[in-house]
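Here are a few exercises to work through with the structure open beside you. Try each task before reading its solution.

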Amino acid sequence: MTTLVCTSASDAATPATQTRSYPSFSSYMRARQPVLLRTARSLTANPSDAEDLLQTALTKTYVAWDRIEDHRALDGYVRRALLNTRTSQWRKRKVDEFACDELPEQEGLPAAEPAEQQALRDAMWRAVMKLPARQRAMVVLRYYEDLSEVQTAEVLGVSVGTVKSAVSRALGKMREDPELAPAA
């Protein structure tokens with residue numbers, strides 16, 4: 001568990017004799033930290049980032065402790081601090097993509113010949129036609145008609161799990177088709 005350090009930059013600049021101490025904050029923090037940490041984890045993908053986020057939010061709460069009038073609503077205050085801090089972090093993130101005038105061309109990938117594309121389509125269709133009728137219907141609905149698994153299941157009157165397993169088996173058979181092996 002992380003030890004929380006609750007001081008602000010202005011408090012660090014003041015002499016040690018003027019440092020404020022809030023026993024009620026310490027007891028609140030100890031009691032509510034696990035719950036608030038779960039909230040922080042729901043806002044970030046990384047558990048370490050969640051701990052840092054909670055520490056920052058609790059620091060802000062500590063600095064504002066005198067100004068908080070209703071201490072019964074502290075969870076809401078800390079949650080709002082968590083959300084505001086996370087939003088600020090998100091806005092400050094580094095952007096690695098930049099707009100440019102021209103799209104970069106992918107070198108080394110030759111354009112496929114129309115005749116080769118047609119031959120591949122024909123081989124694919126022959127492989128689909130070799131499938132049993134039920135699997136063929138599911139593959140055609142899923143990939144040629146671009147229906148979702150749920151929509152395919154509704155059209156055929158079967159369960160979604162049946163669609164998933166039948167399509168998986170059909171694709172496995174198609175991968176083994178010798179006509180499609182050179183294309184892979």
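A residue counts as buried when its relative accessible area is under 20%, and as exposed when that area is over 50%. Keep in mind throughout that this is a predicted model.

**Exercise 1. Work out what share of the 184 residues in the protein is buried, and describe the fold in outline.**

Solution. Start with the burial cut-off: by that rule, buried residues account for 27% of the 184 residues. Next, turn to the secondary structure, where the protein has eight helices and zero strands. Read from the N terminus, the order of elements is therefore α-α-α-α-α-α-α-α. Then look at the contacts between residues at least 6 apart in sequence: 59% of them join residues at least 24 apart. Finally, the accessible surface is about 13200 Å², and carbon and sulfur atoms hold 53% of it.

**Exercise 2. Find which elements of the protein have the lowest and the highest mean pLDDT.**

Solution. Begin with the whole protein, which averages a pLDDT of 82, with 82% of the residues scoring at least 70. Going element by element, helix 1 (residues 9–13) has the lowest mean, 48, and helix 8 (residues 160–175) has the highest, 94. Now examine the stretches with pLDDT below 50. Residues 1–10 are one of them, and this stretch makes 17 contacts in the model beyond near neighbours in sequence. Residues 12–17 are also below 50, with zero such contacts. A word of caution applies here: where pLDDT is low, the predicted coordinates should not be read in detail.

**Exercise 3. Locate the largest nonpolar core and say which residues have the most contacts inside it.**

Solution. The largest core has 19 residues, and F25, L54 and L58 are those with the most contacts inside it. To see where the core comes from, check the helices: helix 2 (23–43), helix 3 (47–63) and helix 4 (74–91) each supply at least two of its residues. Another core, of eight residues, lies apart from this one; its members include A127, V139, M174 and L180. For a view at the level of one residue, take L54: leaving out residues up to four places away in sequence, L54 touches Q33, L36, L37, A40 and L82. As background, nonpolar side chains tend to be buried together in soluble globular proteins.

**Exercise 4. Describe the aromatic pair formed by F25 and W65, then find which cluster the two rings belong to.**

Solution. First, the geometry: the F25 and W65 rings are edge-to-face, 5.2 Å centre to centre with 85° between the planes. Second, the positions: F25 is in helix 2 and W65 is in the loop between helix 3 and helix 4, 40 residues apart. Third, burial: F25 has a relative accessibility of 2%, so F25 counts as buried, and W65 is buried because its relative accessible area is 5%. Fourth, W65 has a tilted pair with Y28, at 6.4 Å between centres and 45° between planes. Since Y28 lies in helix 2 and W65 in the loop between helix 3 and helix 4, this pair ties together parts that are 37 residues apart in sequence. Lastly, F25, Y28, Y62 and W65 form one aromatic cluster.

**Exercise 5. Decide whether D146 is buried or exposed, and describe its backbone.**

Solution. Find D146 in the loop between helix 6 (133–144) and helix 7 (149–156). Its relative accessibility is 64%, so D146 counts as exposed. Its phi is near 60°, a positive value in a residue other than glycine.

Methods:
Residues are numbered from 1 along each chain as its sequence is written. This is a predicted model: local features need pLDDT of at least 70, side-chain atom pairs count only at pLDDT 80 or more; totals for chains, interfaces and linings use all residues. Side-chain values use heavy atoms; hydrogens and water are left out. A nonpolar core is a set of buried Ala, Val, Leu, Ile, Met, Phe, Trp, Tyr and Cys residues joined through side-chain atoms within 4.5 Å. Buried means under 20% relative accessible area, exposed over 50%, partly exposed in between (1.4 Å probe, protein chains only). Helices (H or I, at least four residues) and strands (E, at least two) are DSSP runs, numbered from the N terminus. Contact means heavy atoms within 4.5 Å. Accessible areas come from the Shrake-Rupley method with a 1.4 Å probe; for residues, only the protein chains shown count as cover. pLDDT is the predictor's confidence in each residue, from 0 to 100. Rings of Phe, Tyr and Trp (its six-membered ring) pair if their centres lie within 6.5 Å; planes under 30 degrees apart count as stacked, over 60 as edge-to-face and the rest as tilted.
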